[in-house]
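Here are a few short exercises to work through with the model open in your viewer. Try each task before reading its solution.

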Amino acid sequence: MILDRHERINTAEIQARLEKVAETGSVEPEKSVFPSGEITEFIDMMQVYEGAMYEISTKLEVLDSEFHVHFAHDPIHHMERRLKSVNSILGKLQRRNLPMCTKSIRDNLFDVAGIRVICNYRDDVYSVANYLSSQSDIQVLRVKDYIKSPKQNGYRSLHVIYAVPVFLSNGEHYTPVEVQFRTIAMDYWASLEHALRYKSNLPDAKLTEHSQTLLDCARSLQNIETQMQNIHRDINGAPQQEEAPTSQTFDPKK
């Protein structure tokens, strides 16, 4: 199952959003609007990011089907796709003191297109990530393994930035897509931690208490997942993987 967290884009919508950003002042007005000559380029760029996101998700669906045929096991529980909003893109450029232009986005933002892949077991996370990485038209730009090395708050996930070709009338465009691989347990933990951190108005004392409890839960979930993983290995012949993909030097002409 694939859940889309965005609506398909169009020229009028993006231009309206850019104008609204300037009016509301959500970013500094003098930095919020692209040069008029780049509006069309920005829209074309977003369509390429959208195409790259769909390319990766299709590859993941095929891999999941292959696992089902060969091992009677579906490693992917579900996927979520999203494109960053105009406000989010402009806000990130501003926070990093980067120029407001399409070149700045291409050179510095690698998570404009994103996919979250929710797997059943930790083996599935590494297997799917590595099989995707091994495809001849895929390049691995960056890997952050927060499963082997969790964040201080207990967050666990495997983040991989892939570059995939999008074929247009003027040729192929290798485009980055950030893919977050995690298990079901990692995902519901991360969702609760995100809600606690960004969507709650709890007093500091209660926030600290719940944060510590979530850290304890993360450790407990890690132990439980290990035990369930071992049982799954004994009853299922699916591939066993424990290593993340290796990043490569990006070659846009590959």
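Two strands count as paired if DSSP finds at least two bridges between them; helices (H or I, at least four residues) and strands (E, at least two) are DSSP runs, numbered from the N terminus. The model is predicted, so to speak with its own cut-offs: local features need pLDDT of at least 70, side-chain atom pairs count only at pLDDT 80 or more, and totals for chains, interfaces and linings use all residues. Residues are numbered from 1 along each chain as its sequence is written, and side-chain values use heavy atoms, with hydrogens and water left out.

**Exercise 1.** Work out which pattern the protein follows along the sequence.

*Solution.* Start with the tally: 8 helices and 6 strands. Then read them off in order, which gives β-α-α-α-β-α-α-β-α-β-β-β-α-α.

**Exercise 2.** Find how β3 pairs with strand β2 and with strand β6, parallel or antiparallel.

*Solution.* Take β2 (residues 76-83) to begin with: its pairing with β3 is antiparallel, over 7 bridges. To check on screen, look for Leu83 opposite Ala113 in β3. Next comes β6 (residues 171-183), which pairs with β3 in the parallel sense over 6 bridges. Here Val117 has Phe181 in β6 as its bridge partner.

**Exercise 3.** Explain why β3 is largely enclosed by the rest of the structure.

*Solution.* Use relative accessible area with a 1.4 Å probe, protein chains only: buried is under 20%, exposed over 50%, partly exposed in between. In β3 (residues 113-119), 6 of the 7 residues are buried, so the strand is largely enclosed. For the protein, buried residues make up 46% of the 254 residues.
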